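Let's take a walk through this structure, one spot at a time. Keep the 3D view open and follow along.

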Amino acid sequence: MRIEGSVAVITGAGSGIGRALAQAFAGAGASVVAGDLDGDAAAATADGIGDRAVGVRGDAASVEGVATLIDTARASFGPVDIYVANAGVIGAPGLGSESDWDRILAVNLRAHIRAADALVPEWVQRGSGHFVSIASAAGLLTQVGAAGYAVTKHAAVGFAEWLAITYGDNGIGVTCVCPMGVATPLLEGITDSADAATRVAGAAVTTAGEVLTAEQVAAATLSGVRDDRFLVLPHPAVLDMYRGKGADYERWIAGMRRYQRTLGG
């Protein structure tokens with residue numbers, strides 16, 4: 001995938017991984033629409049990049065919000081070539097409530113589906129386009145302490161797989177990024193939470209391996225898109241963990257229970 005001269009939409013670009021992605025894609029020559037629920041944060045990201053970026057307030061989890069992002073890109077730079085579904089939430093600890101599930105499903109999964117629904121028909125006609133799912137190692141493994149996050153990240157990986165299989169022969173690339181711990185406001189929020197169960201979820205992330213910077217994840221993502229690679233693992237150890245899970249599921253579940261106990265969960 002040629003990044004230079006492309007038009008990229010990046011959701012959740014007001015901070016963290018999203019901001020780093022916007023900077024990385026712009027640095028590689030793309031024109032960028034930085035979307036975020038926080039319009040001021042999105043504008044700050046775009047201002048830091050310059051003329052080849054525009055910040056817009058948009059709810060990436062809604063049909064209207066996705067349309068706003070795509071329409072802004074088209075009006076500012078041209079048709080969207082790359083869509084980075086990065087916006088995400090950790091959700092409630094434990095099982096959560098009905099409303100908790102509604103929110104996390106909308107943000108972590110349906111946002112991806114709605115973006116693909118809006119763009120894939122156009123990309124099929126053009127014979128090109130690239131969808132980037134910023135999922136999580138939780139989508140390949142699990143997330144201790146937060147059912148909603150574990151389930152929706154599994155679903156995001158599954159949806160990305162389906163897109164790659166279904167539309168790969170139509171010239172559409174799909175990249176699924178699955179990091180473990182990344183130093184972002186989201187991780188800060190759960191590790192410093194007043195809620196004990198939420199802190200357990202945070203500890204599960206920070207003790208599982210190195211906590212990377214958002215810039216490291218953005219660089220790995222950019223490389224994956226350039227190479228038209230499906231699975232990007234900024235933490236290479238995740239591959240061994242994933243293989244171990246598949247090799248002996250019973251042993252893996254028993255090991256995760258032990259790990260949960262060491263965290264106080």
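Asp228 has a relative accessibility of 48%, and since anything between 20% and 50% falls in the middle class, Asp228 counts as partly exposed. Keep in mind that you're looking at a predicted model. You'll find Asp228 in the loop that runs between helix H8 (214-226) and strand E7 (231-232). Its backbone is worth a click too: phi of Asp228 sits near 55°, a positive value in a residue that isn't glycine.

Now step back into helix H8, where Thr221 is found. Is Thr221 buried or exposed? With a relative accessible area of 0%, Thr221 is buried, because the cut-off for that label is under 20%. Setting aside neighbours within four places in sequence, Thr221 is in contact with Leu21, Val132, Ile134, Val177 and Val232.

For the opposite label, go to the start of the chain. Arg2 lies in the segment before strand E1 (7-10). Its relative accessible area is 61%, so Arg2 is exposed, the bar being over 50%. If you want a ruler across this part of the model, Arg2 and Gln23 are 21 residues apart in sequence, and their C-alpha atoms are 16 Å apart in space.

Next up is Ala135, in the loop between strand E5 (129-134) and H5. Ala135 comes out at 5% relative accessibility, so Ala135 counts as buried. Which residues is Ala135 in contact with, leaving aside its neighbours within four places in sequence? They are Lys153, Ala156, Val157, Cys176, Val177, Cys178 and Pro179. Another ruler for you: Ala135 and Ala237 are 102 residues apart along the chain, while their C-alpha atoms are separated by 16 Å.

That brings us to the helices. H4 and H5 pack with their axes 9 Å apart, at an angle of about 10°. Angles under 35 degrees count as roughly parallel, so H4 is roughly parallel to H5. On the H4 side, the contact is made by Trp101, Ile104, Leu105, Asn108, Leu109, His112, Ile113, Ala116, Val120 and Val124. H5 answers with a set that includes Tyr149, Lys153, Ala156, Phe159, Leu163 and Tyr167. Sorted by class, the contact of H4 with H5 has 16 nonpolar, four polar and one charged residues.

Finally, the empty space. Rolling a probe the size of a water molecule over the atoms shows where such space is left. The largest pocket holds about 1,200 Å³. Of the 50 residues that line this pocket, the closest to its centre are Gly88, Val89, Tyr149, Lys153 and Leu186. Which elements give two or more residues to that lining? They are helix H1 (16-27), helix H4 (98-126), helix H5 (147-167), helix H6 (185-191), helix H7 (196-206) and helix H10 (249-262). The lining of the largest pocket divides into 31 nonpolar, 15 polar and four charged residues.

One more stop: the second largest pocket, with about 180 Å³ of space. Its lining is made up of Thr142, Gln143, Val144, Gly145, Trp252, Ile253, Met256, Arg257 and Gln260. By class, that gives four nonpolar, four polar and one charged residues.

Key
Residues are numbered from 1 along each chain as its sequence is written. This is a predicted model: local features need pLDDT of at least 70, side-chain atom pairs count only at pLDDT 80 or more; totals for chains, interfaces and linings use all residues. Side-chain values use heavy atoms; hydrogens and water are left out. On a 1 Å grid over the protein atoms alone, a cavity is a set of points where a 1.4 Å probe fits but cannot get out, and a pocket is an open set with protein on both sides within 12 Å along at least five of seven lines; lining residues have an atom within 4 Å of a point. Grid points are joined across faces, edges and corners, and a volume is the space filled by probe spheres set on the points. Helices (H or I, at least four residues) and strands (E, at least two) are DSSP runs, numbered from the N terminus. Ala, Val, Leu, Ile, Met, Phe, Trp, Tyr, Cys and Pro count as nonpolar, Asp, Glu, Lys and Arg as charged, and the others, Gly among them, as polar. Buried means under 20% relative accessible area, exposed over 50%, partly exposed in between (1.4 Å probe, protein chains only). Contact means heavy atoms within 4.5 Å. Axes are lines fitted to C-alpha atoms, for helices over the stretch in contact, and angles run from 0 to 180 degrees between N-to-C directions. Angles under 35 degrees count as roughly parallel, over 145 as roughly antiparallel, 65 to 115 as roughly perpendicular and the rest as oblique.
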